[in-house]
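Let's go through this one in questions and answers, checking each label against the value behind it. Have the model open while you read.

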Amino acid sequence: MKKNYEAIVIGGGIVGCAVAFELAKRGLTDILLIEKGYLSSGATGRCGAGIRQQWGSKLNARLALESTHIFEHLEQYTGYGQSCGLQQGGYLLVAYTEKEWAQFQENLKVQQALGIDAKALDLQQAKEIVPFLNTEGMFGATFCEKDGHANPFHCTMAYAQGAARMGAEILTYTEVTGLRTQSGRITGVETAGGDFFGADLVINCANVRAPGLAKLVGEDIPVVSERHQALVTEPVAPLLRSMVMSFHRSFYVQQTPHGSFVMGIGPHEEPSFNTRSSWKFLEKNCAVICETLPLLRKLNVVRQWAGSYDLSPDHIPVIDEAKRAKGFYSVCGFSGHGFMVAPRIAILVANHLTGQTDDLDIRTFSQERYQKGVFLLEPSVV
Ligand SMILES: Cc1cc2nc3c(=O)[nH]c(=O)nc-3n(C[C@H](O)[C@H](O)[C@H](O)COP(=O)(O)OP(=O)(O)OC[C@H]3O[C@@H](n4cnc5c(N)ncnc54)[C@H](O)[C@@H]3O)c2cc1C
């Protein structure tokens, strides 16, 4: 292996792999991506991989819309020889309170202004999409046919292999443990195995571990780790084409192309790096999902797992260069929806780092917004 690179990317989740791919696509082929486990071993491989454009903030709606366009042809875009498993059966977002229903009407205005084909449904129309939906207590729903979900392992691998084909090197099972700087600039990274790899550009895509790495160069990023759990059932014949989601009850449920149901429910826990599964989650999740979709009562759960959200104060990512280590960028704080916006964020980061123009302003994502009190509030998150 070489000892010096043009750029080093830390983290082999979808964000790191997409950033490496987009940089390579822009001619930076001398890239090293370092991952402490295997590719997708972090949040990416544990996520629901849902892709929705029905956001309340214009920023998130736009990031998701433009990312969806890439997911729709990710195989051709990256030269990947397999399907990335995109299934666009729509998201059915259900409202349980009057306030939430009013917010959904506001969200629709934002989405429709961007050309997102989302619409409001009454309860009868919602049942036409999901006939076994228990609509008791619901006020209404919104639906966007182009929302859906994909296979997170294949999507990440598509980016990683695409980057490698253009010359990027990928080093797995190697943890970055130190950062070196000189005269206020990053000069490279140290690994747990005692190696040093030099680069004057390092992109920190380590998700919940990103703030800890940034701290090594004096940067305080207000992103915390929160455990989120999910489970999967035995596979059955196709029953549910759309993702069903509630912000008020904080759940999502979908059926994968394989026939299994994947679902989760928000925890509202104290920040921690805990990724152990809990009995409490299993009980609560099953109770809420079976009340909403009673047909699923008969299914057996085959596995449950946990991962971490890298929660930022306003649920919008942070993209920043360290003040005391120029050339060291952190890209984190995706807060539970990093999979679906990773394609567009990676383009934005790569455009910025290679001096290309972008009609999104990268400064929007600077954490300076927190110091200035300019929170980019997103009203519709699980
Ligand atoms: C249960 C659950 C459900 C979710 N559902 C959805 C969803 O439906 N839709 C959606 O859009 N998002 C969802 N998310 C969020 C989504 O998973 C993340 O936002 C996204 O995967 C973030 O990608 P990433 O590449 O930044 O992080 P990760 O995939 O976590 O990648 C970071 C990588 O960095 C590596 N790393 C960390 N420290 C070091 C180090 N020191 N040296 C080397 N490598 C290091 C880690 O091993 C990891 O592989 C969900 C998350 C969870 C936990």
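Q: Which helix and which strand each supply at least two residues of the lining of the second largest pocket?
A: They are helix 6 (152-165) and strand 17 (301-311). Bear in mind that this is a predicted model.

Q: What is the volume of the second largest pocket, and which residues lie nearest its centre?
A: The volume comes to about 430 Å³. The lining has 20 residues, and Gly45, Cys47, Pro152, Phe153 and Trp305 are the ones nearest the centre.

Q: How do the residues of that lining divide into nonpolar, polar and charged?
A: In the second largest pocket, nine are nonpolar, nine are polar and two are charged. Cys47, Pro152, Phe153 and Trp305 are among those nearest the centre, and Cys, Pro, Phe and Trp count as nonpolar. Gly45 is also in that central group, but Gly counts as polar.

Q: What makes the nonpolar surface patch, and where does Tyr38 lie?
A: Tyr38, Phe153 and Tyr173 make the patch, which covers about 370 Å². Tyr38 sits in the loop between strand 2 (31-34) and strand 3 (50-51).

Q: Why is Tyr38 called partly exposed?
A: Its relative accessible area is 43%. Buried means under 20% and exposed means over 50%, so Tyr38 falls in between and is partly exposed. A patch residue needs over 30%, so Tyr38 at 43% clears that bar too.

Q: How do you know that Arg180 and Glu190 form a salt bridge?
A: Their closest N and O atoms are 2.7 Å apart. The cut-off is a side-chain nitrogen of Lys or Arg within 4 Å of a carboxyl oxygen of Asp or Glu, so the pair qualifies. Arg180 is in strand 9 (residues 176-182) and Glu190 in strand 10 (residues 185-191), ten residues apart.

Q: Are Arg180 and Glu190 buried or partly exposed?
A: Arg180 has 39% relative accessibility and Glu190 has 26%. Neither value is under 20% or over 50%, so both residues count as partly exposed.

Q: What does the salt bridge between Arg227 and Glu269 tie together?
A: The side chains meet at 3.0 Å, N to O. Arg227 belongs to strand 13 (residues 224-233), while Glu269 is in the loop between strand 16 (261-265) and helix 8 (279-292), so the bridge ties parts that are 42 residues apart in sequence.

Q: Why do Arg227 and Glu269 get the labels they do, buried or partly exposed?
A: Arg227 has a relative accessible area of 10%, which is under 20%, so Arg227 is buried. Glu269 is at 27%, between the two cut-offs, so Glu269 is partly exposed.

Q: What makes Asp314 and Arg369 a pair that links distant parts of the chain?
A: Their side chains meet in a salt bridge, 2.7 Å from N to O. Asp314 is in the loop between strand 17 and strand 18 (318-321), and Arg369 is in helix 10 (residues 368-372), 55 residues apart.

Q: Why are Asp314 and Arg369 called buried?
A: Asp314 has 0% relative accessibility and Arg369 has 6%. Buried means under 20%, so both residues fit.

Q: Which residues are joined into one network by salt bridges that share partners?
A: Arg62, Glu66, Arg344, Asp358 and Asp359 are the members. A search of the whole structure finds 19 salt bridges.

Q: What lines the largest cavity, and what is its volume?
A: Gln54, Leu93, Phe104, Asn107, Leu108, Gln111 and Thr142 line it, and the volume is about 40 Å³. Helix 4 (residues 98-113) gives the most to this lining, with four residues. The lining divides into three nonpolar, four polar and no charged residues.

Q: What is the phi of Ala49, and why is Ala49 called buried?
A: Phi is positive at about 55°, although Ala49 is not a glycine. Ala49 lies in the loop between strand 2 and strand 3. Relative accessibility is 3%, under the 20% cut-off, so Ala49 counts as buried.

Q: Where is Asn207 found, and why does Asn207 count as partly exposed?
A: Asn207 is in the loop between strand 12 (202-204) and helix 7 (210-215). Relative accessibility is 22%, and buried means under 20%, so Asn207 counts as partly exposed. Phi of Asn207 is near 55°, a positive value in a residue other than glycine.

Key
Residues are numbered from 1 along each chain as its sequence is written. This is a predicted model: local features need pLDDT of at least 70, side-chain atom pairs count only at pLDDT 80 or more; totals for chains, interfaces and linings use all residues. Side-chain values use heavy atoms; hydrogens and water are left out. Patches are made of residues with over 30% relative accessible area and no salt bridge: like charges are joined within 9 Å, nonpolar side chains (Val, Leu, Ile, Met, Phe, Trp, Tyr) within 5 Å. Accessible areas come from the Shrake-Rupley method with a 1.4 Å probe; for residues, only the protein chains shown count as cover. Buried means under 20% relative accessible area, exposed over 50%, partly exposed in between (1.4 Å probe, protein chains only). On a 1 Å grid over the protein atoms alone, a cavity is a set of points where a 1.4 Å probe fits but cannot get out, and a pocket is an open set with protein on both sides within 12 Å along at least five of seven lines; lining residues have an atom within 4 Å of a point. Grid points are joined across faces, edges and corners, and a volume is the space filled by probe spheres set on the points.
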